[in-house]
Amino acid sequence: MAKLKMTCPHCGKPFAFSTRYRGRRISCPVCKQLVPVPPHSKKKLLISILAVVLLMIAAIAWLVWPMGVRWPDRRPIGVLFPASNFHASAKNPRGWFSDPNLDVTGPGGQERFRKALMDYADASIAVLKRAGAQGVIVWNLEGEEYPHKISYIGDPRFVKALAPEMAPEAVEFFKRFRDAGLRVGVTIRPQQLVFDHGVPRQTAVLDMKQLLLDKIDYARTNWGATLFYIDSTCGIFRPDEAWQLRLLAEERPDVLLIPEHHYLPYQAFSAPYVSLRKGADGSPAFARKLFPHSCEVLDVADASPDQVTVAWHDGDILLFRAWYWNPDCDLVLRFKSLQK
């Protein structure tokens, strides 16, 4: 316990006392007279509280500035899932194009994979152009050799190691979309993939900003990617995540960040993901007033027109399945005339 010193008003002798006696009367150890001990200074306490409040306000103000994501293009974005673990086989271990009969391992496997991949790209481009999309995000470029929740690797740097048939074709694959006037992107995760005795797992990292920067810069440099869905974010359950993503957005203002899990501050620097098929609503009126230039990315897969109508607000971006023409595309066309 901390000690303070004072002088006895009766005998004039100095003595020390514990801070726990502030505001009480104690006996002088020399003359034994009762001496009133000065209470805590309310002024100092109020100044300390005010300083903490001001620091919190300053931190929140920095976190939410500028007001709204800097992404003027609000046209729809398509998504592609070129692989599925549910359709993997010995010949097609990463489940490419949901075709267990596709042989990507035997003689001529690379050529068969390339043809299937480029046909997939051409068909998707036709859908994206017809729907008036601004670009496309590839969810599982690394394939899906592992089941959920490892299925989405979220690390483009692992393509060569995990999907050797995709590695030599990825440049041409993305170039076809860019040559068609479309932006491209991939899924990334704020966790690091590691293998324990050959078993994969996603592990949390302290410096997620740097990890995501490394993944983003790899995809930007190699494939020209600017659209990034951030899978498996923690949202409110990891307090420093919003702070780190805010710094990331500041360092890479030319990319669009789409975090999966989020809360209010994320709308200041990203376009949060909303899955309408899960019954989620769009952004509340308060958020739109606080961040007038913000937007959300609304996944319309398996959603009804009424769900889209309720959730959609002017400026939101619609996300739709784009490897074939489906009801998602019809919904996008229905709202296309309302996009600015």
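This passage describes the sheet, an adjoining helix, and the pockets and cavities of a predicted model.

The strand arrangement is considered first. In the predicted model, an open sheet is built from 8 strands, which follow one another in the order β11-β10-β7-β6-β5-β14-β13-β12, and the pairing throughout this sheet is parallel. The edges of the sheet are formed by β11, which covers residues 256-259, and by β12, which covers residues 273-275, each of these strands being paired on one side only. When direction is ignored, neighbouring strands of the sheet are turned against each other by 25° on average. In general, the strands of a sheet pair through backbone hydrogen bonds, in either a parallel or an antiparallel manner. Within the present sheet, strand β13 (residues 297-299) is joined to strand β14 (residues 317-321) in the parallel sense over 3 bridges, and leucine 298 has leucine 318 of β14 as its bridge partner.

Helix α5, which comprises residues 208-223, lies across three strands, namely β7 (183-188), β10 (227-230) and the edge strand β11, and the helix runs at about 150° to β7.

The open spaces of the model were examined next. The largest pocket encloses about 400 Å³ of space; its lining is made up of 21 residues, among which Tyr273, Ser275, Arg277, Lys278 and Asp299 are the closest to the pocket centre. Two or more residues of this lining are given by each of the elements β12 and β14, with β12 giving the most, at 3 residues. When the lining of the largest pocket is divided by class, 11 residues are nonpolar, 3 are polar and 7 are charged.

The second largest pocket holds about 260 Å³ of space, and 14 residues line this pocket, of which Ser84, Asn85, Phe86, Glu144 and Tyr152 lie nearest its centre. In the lining of the second largest pocket, 6 residues are nonpolar, 7 are polar and 1 is charged.

Besides these pockets, the structure contains 2 cavities of 30 Å³ or more. The second largest cavity, with a volume of about 40 Å³, is lined by Glu142, Gly143, Glu144, Glu145 and Tyr146, together with Ile150, Ser151, Ile153 and Leu162. By class, the lining of this cavity consists of 4 nonpolar, 2 polar and 3 charged residues. Glu144 thus appears both in the lining of the second largest pocket and in that of the second largest cavity.

Note on methods. Residues numbered from 1 in each chain as written. Predicted model: local features only at pLDDT ≥ 70, side-chain atom pairs only at ≥ 80, totals over all residues. Heavy atoms only, no water. Pairing = 2+ DSSP bridges. Helix = DSSP H or I, 4+ residues; strand = E, 2+ residues; numbered from the N terminus. Axes fitted to C-alpha atoms, helices over the stretch in contact; angles between N-to-C directions. Contact = heavy atoms within 4.5 Å. 1 Å grid on protein atoms, 1.4 Å probe; cavity = no way out; pocket = protein on both sides within 12 Å on 5 of 7 lines; lining within 4 Å. Points joined across faces, edges and corners; volume = space filled by probe spheres on them. Nonpolar A, V, L, I, M, F, W, Y, C, P; charged D, E, K, R; others polar.
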